[in-house]
Amino acid sequence: MRIAFIGAGSIFTPLGLYTIATSEVLRNAEVYLVEIDGERRKFITALAERIKKTFKADFTVIPLESVEGLEGYGVDYAVISVEKERYERWRLDFEIPHKYGIRQVLGENGGLGGLAHTLRVVPLVLEIARKIEDVNRDARVFIYSNPEPRVTYAVLNYTGLKNVYGLCTGYLERKEMLAPLLKADEREISLIAAGLNHFTWIRELRVGGEDAYPRLDGALKKRPDFEPLSQLLYRTYGLFPSPDDNHIGEYLGFAWPLVPEEKKGLRWIERTRKEGEEVRRLLRLFLRGLVPRFAFNRFVKFPDVAMNVVEGLEGMEKLQEAINVPNRGYIDLPEGVIVEVPAEVSPKGVKPLRVELPREALVPLRVQAEIQRLSAEAAAEGNVEKVIKAVLLDPVVHDAEAGLKAMAELLRVHLDALPRFDEGDVEKIEGWMRD
């Protein structure tokens, strides 16, 4: 069993390594840590060896400088979690639209910031995916890189890889947020949700197998301050959304005033950066032997999502509560768009399940499904007309001229990271209202 972590310096990799080390199915795997940054590669390699020793696992650790290095080994599973200058560029993705009055909540996966993010990340991941295809076109590929469903769509439609799945921890984070309200351990909570990544509707919510919606109703009456946007959507459509207000708010034009200040914009970006630094600080302490095994076990509440799926494929059959796959009638949305649904996972493969959603709850998802397609295709093809269409479809864009001006500036500041676009494309967006 050959598992490659590409962008191994990512915050996702340590949990993946821990899951491998503590799994009876995976603990003998060959693990390739692909990381172009030398310092990060050295750190994650040392951490992998420490995890291996601490949990008495037998997996093999092989550090690699590039994806091309996999040609000498082969690969069965590849986890992609890559990004360039994440926080510096994310700040621009938020600040520039805001300057033009576009009040997007985060600017990471939706809105104009999410579009700019898509245009940067899709070519980066496509380059990696094509190299994986050269090594093993039948490899199963898991994508963590955001905007994850758009990146997944591009890989499935612009490479020969067919076993490609987008993964996200959002459903686990929703469990953690609901646990205090439901007065339950988050590991007792199960849910069946469906929709688009970062915007799903919880069809079934259970604690210990019992319907937990009545318990949630009672708790929300006492907490009107909890997730105001989610509560509004729940009252309106009858299903509680997931994962939380600021992620859902990226896709709704009325979200900005409903999302608390500390959960949006630059405050959230800075909070996310600091949380990542804190995790790395704890990992450095663990590497030095200053965080004992029992403390590490308490720190990890859930297994890595990608390795959880791999366990299922390798024989530990299970229900994966959220996985992103091309729609084949799983939800009443267009065929082929990337939807997030539960799936049965076994050695036979990944079997997504159909989930019925109310007709009205599907309407905002349909708009975002079309933006997903347009933005992914624009990024892969360098198609500026599709960029413009995506801008003018976006519910967060309240003014066409402001939206196009903001998008033109986003393209200009990110041109060094946009191999499919040039200054002529920027000028075309700037002149679209006149022409």
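These are my notes on one pocket, one helix and a few salt bridges.

**Entry 1: the model.** I am working from a predicted model.

**Entry 2: second largest pocket.** I looked up its volume first and got about 180 Å³. Which elements supply at least two residues each to the lining of this pocket? I found α2 (38-54) and α10 (265-287). Helix α2 gives the most, with four residues. The lining list includes Glu39, Arg40, Phe43 and Ile44. Also among the lining residues are Arg280, Leu283 and Arg284, as well as Ala8, Gly9, Ser10, Ile11 and Pro14. By character, I noted six nonpolar, two polar and four charged residues in this lining.

**Entry 3: helix α1.** Pro14 turned up in that pocket lining, and I met Pro14 again among the buried residues of α1. How many of the nine residues of α1 are buried? I get eight, so I wrote this helix (residues 13-21) down as mostly covered, with buried taken as under 20% relative accessible area. Besides Pro14, the buried ones are Thr13, Gly16, Leu17, Tyr18, Thr19, Ile20 and Ala21.

**Entry 4: salt bridges.** The count for the model comes to 35. I picked out three pairs to look at.

Lys131 and Glu68 come first in my notes: their side chains meet at 2.8 Å, N to O. What parts of the chain does this pair link? They are distant ones, with Lys131 in helix α4 (residues 111-135) and Glu68 in the loop between β3 (60-64) and β4 (77-80), 63 residues apart. I checked exposure too: Lys131 is partly exposed at 23% relative accessible area, and Glu68 is partly exposed at 36%.

Next I looked at Glu204 and Arg206, whose side chains form a salt bridge at 3.7 Å, N to O. Glu204 is partly exposed, with a relative accessible area of 37%, and Arg206 is also partly exposed, at 30%.

My third pair was Arg373 and Glu377, with 2.9 Å from N to O. Both sit in helix α13 (residues 359-381), four residues apart, which I noted as about one turn of the helix. Is Glu377 buried or exposed? At 9% relative accessibility, Glu377 falls under the 20% cut-off and so counts as buried. Arg373, at 27%, counts as partly exposed. I then followed the shared partners outward: salt bridges join Glu370, Arg373, Glu377, Glu381 and Lys386 into one network.

Conventions: Residues are numbered from 1 along each chain as its sequence is written. This is a predicted model: local features need pLDDT of at least 70, side-chain atom pairs count only at pLDDT 80 or more; totals for chains, interfaces and linings use all residues. Side-chain values use heavy atoms; hydrogens and water are left out. On a 1 Å grid over the protein atoms alone, a cavity is a set of points where a 1.4 Å probe fits but cannot get out, and a pocket is an open set with protein on both sides within 12 Å along at least five of seven lines; lining residues have an atom within 4 Å of a point. Grid points are joined across faces, edges and corners, and a volume is the space filled by probe spheres set on the points. Ala, Val, Leu, Ile, Met, Phe, Trp, Tyr, Cys and Pro count as nonpolar, Asp, Glu, Lys and Arg as charged, and the others, Gly among them, as polar. Buried means under 20% relative accessible area, exposed over 50%, partly exposed in between (1.4 Å probe, protein chains only). A salt bridge is a side-chain nitrogen of Lys or Arg within 4 Å of a carboxyl oxygen of Asp or Glu.
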